Structures are given as C-alpha cells and as structure tokens.
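Visitor: Please give me a close look at a single part of this protein. Pick one helix, and set it against the whole chain.

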Amino acid sequence: MSKKVFIKTYGCQMNVYDSNRMANVLKPHGYEMSESSDDADLVILNTCHIREKAAEKVYSEIGRLKKNKVAKAAEGNDMFIAIAGCVAQAEGAEMMKRAPAVDMVLGPQTYHRLPEMLKEAQAQRDAGRNSSRVMDTEFPVDTKFDHLPEESDFDNPAQFLTIQEGCDKFCAFCVVPYTRGAEYSRSVADVISEAERMAAKGVVEITLLGQNVNAYHGAEEQGEAAGLAALIKAVAAVDGISRIRYTTSHPRDMDDELINVHRDVDACMPYLHLPVQSGSDKILAAMNRQHTREDYFATIDKLRAARPDLALSGDFIVGFPGETDQDFEDTLDLVRRVKYAQAYSFKYSPRPGTPASTIEEQVPEEVKSARLARLQDLLEQHQQEFNDASVGMEMDILLEREGKQAGQLIGRSPYLQAVHVDLQTADIALDADRDTPYSGYMDKLVRVKIVEAGQRSLKGELVGTVPQP
Ligand code: SF4
C-alpha cells in the first residue's frame, strides 16, 4: 500500500535539492509526496542552521506535528517525524533528548539511509515503543552520492545539480564546515551523467550547486582533478543544456580560468553570486574571509572585462562583532562601487559553535538594525536601477511557471530576474488542444521585450520563439 511523505524544506537551494533526492530515495519504498503534513505517514523537516533561532523554529514545528502524531496514534495510525539537514547535524543529539516526538535524526550526508532508518524506527514502534529513536549524523567516507538512486522526475526546465558539498574555509560566522563537513566534490563523470539524465527529460538550465562551488575539484577519468571551469565546459557540451549557472562562490576561488568561462562559454549565464559579506578589511580579516576588499575589486574588474554585461549578486552581514561606523561606511562604499543587480543582507547573529559567537565585542541590536536599513535602501536602489536599464531590451526568457493572472507565465532572464510574460495580449496562435491555452510555451525559451521594471520583477511582451536546444 502506498504511503505519503511530506517534506518541509528550510533554507538554501542545496536543501531543496536534498529534499528532492530524499523523495527519490523513498519512492521505491512506496512513498508518494504529499502537499500537507496532515495526511502524511512520514514528515521530514529538512532544516537550515543559517538563520537566527533556527533550532527554536524547528522545535515549535515539532510541537505542531506532535499533535497530529498523537491524534493519528489514537486512530491506530502510525506517523513518523524525521529531522534532517543542518540543524539535525548540529543539534541532533540534543533534539532527541528534548523532543521525544522525533523518531529519526539524520544529517545531510546520511539521507540515503532513510529507508533503512525507517525500517528500524518501525521495528522499534512494533516492539511497543511510543516513539522510535534512530539517529545518523555521521560523515561517511563512502558518500551518499554513491548510494542514491538515479533521479528520474524533473518537473521544471531549470534544475539544481549538487556538485560539491562541505567547506574548508571556516569563515568565523558560519556553521557549514561543522554541519556539512570537509569539502567533497563529485566526479566529473557522475555530474555529467546526472546532467544528461536531466537533459533527456527536457531540462535546459542547470544551476551547479555547492557550499563553496568554485572550490570544486572533481576527479576526471584520467584521475586528475578538474576545476569548475572544466566542469562547466563539460556540462555545456551536454546536448540540450543551453543555460548554466553556479552558486555559491567564494571570491578567493575565482581563478582566471573560471573568469574566462564567462567570456568563452555561451551557456554560462551572465550572472554571478559572489558574496563579500563586508567592505571593511578589518572585518573581512575578523571573519576569516582570507581576502581583502582590493582583492575583491580586482576580481570584479577581471570578471567585467571578460563579460561586460555580468550581473552581480552578493551577501552581506552587518553588525559583525567589532564593526565600527567606519567599517560599515566601507561596506556602503564597496556596494556603491560594485553596484549589485541583487543582494541578500542580514544582521549578524551568533551561531553556536562558531568562533565569532564567543567574541565579546557584540554590536548593539539597534545599531545593527539601523545599519541594515541603510544598506538595504542602497541595495534596493541599485536593484531598481539595474531592472530599469532592462526596459526596452529583448531577452531570452525560460518560462517555468504560471503567473497569478490568466494567460501569464513567469520565467527567468539570463540575469536571473523574474519576468512576467502576458501571453493573452500577445499575437500568438493558441494551441486549443492543450489543457491550458498557453501551455505550449511552458518550459520553453522565448524571446521577450521588457516593457516594465519593478524592484523584484520585470514585465515583458512575447516577441517570438527561440530555437529550442
Ligand atoms: S565559504 Fe561559505 S560555506 Fe564556507 S565557511 Fe565561508 S560562508 Fe561558510
């Protein structure tokens, strides 16, 4: 009999990818995806440790799920609760103690063991225990990628593909090196075979994912290690793949070969997320970022020389311990010089177990809030300016989903802007045989003229189709 699994995903794209793979691991064991935890036999919270109070949020979600679990048990039905991801890795043992409703805790490197763990949990339940206690947060040497079943369903023409996990950089504020472990890169053959499976199912855009993606050093068949530049070229050669992105990069790993890929490989999209976190050399050193602001500017100059229309995105932490007004002004100055097309910015908050969490010289909360507001005003102004400059341009847009209005499809520009395309007003032949009249355009690359720009999205008019890859 088929069972239902509900997976709630927190945080980054890596977690989105992991959740899809968990669903894939469970499928041969009779689990179908459910839209809600209410009718699920198994609920997985795939957690993220980056945001503030991450563990508290997970505990309150467990509290809600526990009520469901108790109600189901009263009707004689089983429900299992599993905690996966980075909070599980960092605080799994504590979680097992504090939340008896949790049946399983699994770290990011062990989710291929889910079916085995479920069996174990079921055996404990059958033996009369109210709650099972199964935990695996190891970093196995034989990686999960060797044990995962092949992905078969791709519901979107743009997909993520994890090529690298873990990080050896040890930025002072970050939990990733502790929750995801040391850097590990999948082999080139492994990545290419997944890209080929995606292309065979109609995927045209791949975002190569890694916590420190440009530190990629996957084994080639000859036994040598390939860098990210070589991998992008290999993925670009896969029939059907016409768009490639990669995230998240560290400035120190932007080597010349990779920079030149932005000039030489048409499939490499003119968009790069290159976090800097702060514009102050003193704070960059305290964060252990291992580069200066001048190093960063030099990299940006090279990138823009290689690809003049490159859109840049960044991450910023304001109020890192010891950040003075002048340090913050340096950040604003860096932002004015780089002019990001979009960016993510947060107030610093300590993560247990990281070196920065023990620094005494914390910045007062109200100072952090005021600085964040100023930074975000500037970033939003630049994003609006970047979007305004798109008006009148024609771009290839990959249409990925339906919009809220009838006849509207939403896609991404080469610069990762969300573009709303109104097909109702377009002079196009409708395909009346389809369930929805515009579905013939879904998942396709189309030529669009940008007619309006908001801060977070653009509006465009269809001007033609594009030869499909
Ligand atoms: S490079 Fe990124 S993932 Fe690695 S420690 Fe620094 S912030 Fe964390």
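Guide: What follows goes from the whole protein to one helix, then to two single residues. This is a predicted model: local features need pLDDT of at least 70, side-chain atom pairs count only at pLDDT 80 or more, and totals for chains, interfaces and linings use all residues. Residues are numbered from 1 along each chain as its sequence is written, and side-chain values use heavy atoms, with hydrogens and water left out.

The whole protein comes first. It holds twelve helices and 21 strands. Both are DSSP runs numbered from the N terminus: helices are H or I with at least four residues, strands E with at least two. The radius of gyration is 23 Å, close to the 23 Å that the globule rule gives for 469 residues, so the protein is as compact as a globular protein of that length. That radius is taken over C-alpha atoms, and the rule is 2.2 Å times the number of residues to the power 0.38. Along the principal axes, the C-alpha trace spans about 65 × 65 × 50 Å. Of the 469 residues, 54% are buried. Buried means under 20% relative accessible area, exposed over 50%, and partly exposed in between (1.4 Å probe, protein chains only). Contact means heavy atoms within 4.5 Å. Among contacts between residues at least 6 apart in sequence, 73% join residues at least 24 apart.

Now the helix. α10 covers residues 293-306, 14 in number. From first C-alpha to last it reaches 20 Å, close to the 20 Å expected at 1.5 Å a residue. The expected span is 1.5 Å times one less than the number of residues. Which of its residues are buried? They are Arg-293, Tyr-296, Phe-297, Thr-299, Ile-300, Leu-303 and Ala-306. An α-helix has 3.6 residues a turn, so residues three or four places apart point the same way. The buried residues of α10 pack against three helices and two strands: α8 (256-264), α9 (281-286), α11 (325-338), β14 (271-273) and β15 (311-318).

Another helix, α12 (residues 365-388), holds Gln-383. Gln-383 has a relative accessible area of 12%, so it is buried. Leaving aside residues up to four places away in sequence, Gln-383 touches Tyr-340, Ala-341, Gln-342, Gln-455 and Arg-456.

A loop residue rounds this off. Gly-407 sits between β17 (394-402) and β18 (408-412). Gly-407 counts as buried because its relative accessibility is 12%. Its C-alpha lies 46 Å from that of Glu-365, 42 residues away along the chain.
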